[in-house]
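Reader: I am new to this structure. Please show me how to read a sheet, step by step.

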Amino acid sequence: RVQAKAAASFAYVDFAPPFNEEMEACGTIDDGYDYNLTAFKTLRNVGSATMCCAACAAYEGCGAWTWGAAPHVDWVTHVCWLKELPLGPFGPVPKVRKAGVMSGYPAPGVKKAGAQPPPPSVSGKLDGVVSKEDDLAMYGTAAGFSPRSAKCPGSIFIEGHGPVALINAGADTPGKPGGRVEALMGDAVVPHITGRTYFGTSCQEGPYDQTSYLPLQLLGKRISWTTDVSGTGCGCNAAMYLVSMPQNQQKGTCNDYYCDAMHVCGVECAEIDLQEANQYSWMSTMHTHNPAAGADGLGVARGFGGSLGEPERRDWTAEEYGPGARCVDTTRPFQVSVSFPIGADGQLASMNLQLSQAGQPCDLEAVNEVGAYHVKGHHPAQELTSALQAGMTPVISYWKSADMLWMDGLGADGRGPCVEDAPDWCP
């Protein structure tokens with residue numbers, strides 16, 4: 001809601017929302033015709049002609065496209081061929097009648113990301129940072145904070161809460177060391193690629209202790225922060241989320257007590273993704289959990305993006321969120337607020353999200369209703385309420401992948417931001 005590379009792969013999944021008239025803009029579409037032009041790129045598992053048309057808009061040399069609509073035909077069904085127009089003056093594009101395909105041209109003015117490097121960051125590491133070192137000094141070492149080290153990068157001061165020690169992960173994934181995380185002036189956390197850090201009550205060298213993780217209780221409350229995703233492109237994920245680490249007694253395969261809905265380090269627990277984002281996409285997700293059924297890895301999400309095994313999220317558009325966008329220009333820092341209101345029954349009612357930016361004419365909002373969250377074997381309202389009441393640990397991480405289209409992909413409607421992920425461009 002708005003106020004005031006020979007072959008790549010997408011996925012179209014049965015549980016995605018049905019198609020509607022709100023498809024990405026596209027040029028003329030010829031059903032039953034193949035454009036007899038040179039194909040420079042082939043994409044597979046493209047769920048619609050609209051999605052193929054949108055993919056064409058990511059490549060400067062793409063002047064036309066052909067999509068395989070015929071079902072159950074190898075190398076035709078859901079294949080998208082991106083084609084180049086001849087250089088210099090030329091006559092009408094040669095069209096060949098062919099059943100089971102559709103062809104067309106990209107819409108003028110439509111642009112998609114992923115095929116070209118993202119705009120580089122122009123913000124400084126300390127832009128917007130306000131020193132909280134004097135606030136931290138009031139607590140000193142009495143709070144159990146140790147000198148800075150690879151495990152303990154420093155501390156921050158959270159208004160309305162107090163000092164927080166940062167505890168770096170024992171590993172990024174099993175057998176893979178975690179990246180560097182910086183704590184700056186008591187006010188900012190800067191994770192580098194593969195960096196992950198946990199909010200704690202204290203950080204000490206030596207073995208990890210699950211009792212040191214901060215059990216932040218956010219039921220009926222709001223958490224706000226400033227985020228800077230500038231420079232991050234398709235395939236980059238700058239994340240801040242909550243997990244039930246204080247209650248986890250099992251040491252995982254990352255040498256600490258980390259747990260999440262995807263059991264990345266071997267242990268499952270409830271997870272609430274406050275922010276998974278890059279310059280083009282945003283995702284806020286609730287993942288419920290109980291011991292019998294485990295964690296719901298899919299969850300329910302709000303934001304903008306989605307493809308490759310995820311339903312599309314269309315709470316706003318690329319005109320409203322993205323580089324140079326009208327409401328949130330992601331080349332600059334912006335503000336995030338997430339609240340967890342309680343319903344009349346005393347349980348979590350929703351997760352409410354707001355993105356805002358100074359000087360912009362509009363805010364972006366989305367509401368994730370817990371009452372609309374249904375998954376077999378779970379009672380999300382009860383489970384998420386219990387997790388928030390018990391206290392969940394905030395986690396900040398930054399990672400990259402060539403398989404991030406579940407977050408930032410085009411989607412079958414073609415309205416998502418990224419045609420492909422390019423993790424090598426993640427700063």
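Author: Start with one pairing in this predicted model. Strand 13 and strand 25 are joined by eight bridges and run antiparallel. Within that pairing, Tyr-241 sits opposite Val-395 of strand 25.

Reader: How many bridges link strand 13 and strand 14?

Author: Six, again in the antiparallel sense. Strand 14 covers residues 271-277. There, Ile-272 is the bridge partner of Leu-242.

Reader: Which residue of strand 25 is the bridge partner of Tyr-198?

Author: Val-395. Tyr-198 belongs to strand 11, residues 195-200. Four bridges join strand 11 to strand 25, residues 393-400, and the two run antiparallel.

Reader: What is the strand order in the open sheet?

Author: The order is 7-8-11-25-13-14-15-18-19, nine strands with antiparallel pairing. Look for the edges next. They are strand 7 (154-158) and strand 19 (313-314), and each pairs on one side only.

Reader: How do I read the two faces of a strand?

Author: Side chains in a regular strand alternate between the two faces of the sheet. Now take strand 13. One side carries Cys-236, Ala-238, Met-240 and Leu-242. The other carries Asn-237, Ala-239, Tyr-241 and Val-243.

Reader: Are these residues on the two sides of strand 13 buried or exposed?

Author: All are buried, so both faces are covered. Buried here means under 20% relative accessible area.

Reader: Why is strand 13 described as largely enclosed?

Author: Because eight of its eight residues, 236-243, are buried. The rest of the structure largely encloses strand 13.

Conventions. Residues are numbered from 1 along each chain as its sequence is written. This is a predicted model: local features need pLDDT of at least 70, side-chain atom pairs count only at pLDDT 80 or more; totals for chains, interfaces and linings use all residues. Side-chain values use heavy atoms; hydrogens and water are left out. Two strands pair if DSSP finds at least two bridges between them. Buried means under 20% relative accessible area, exposed over 50%, partly exposed in between (1.4 Å probe, protein chains only).
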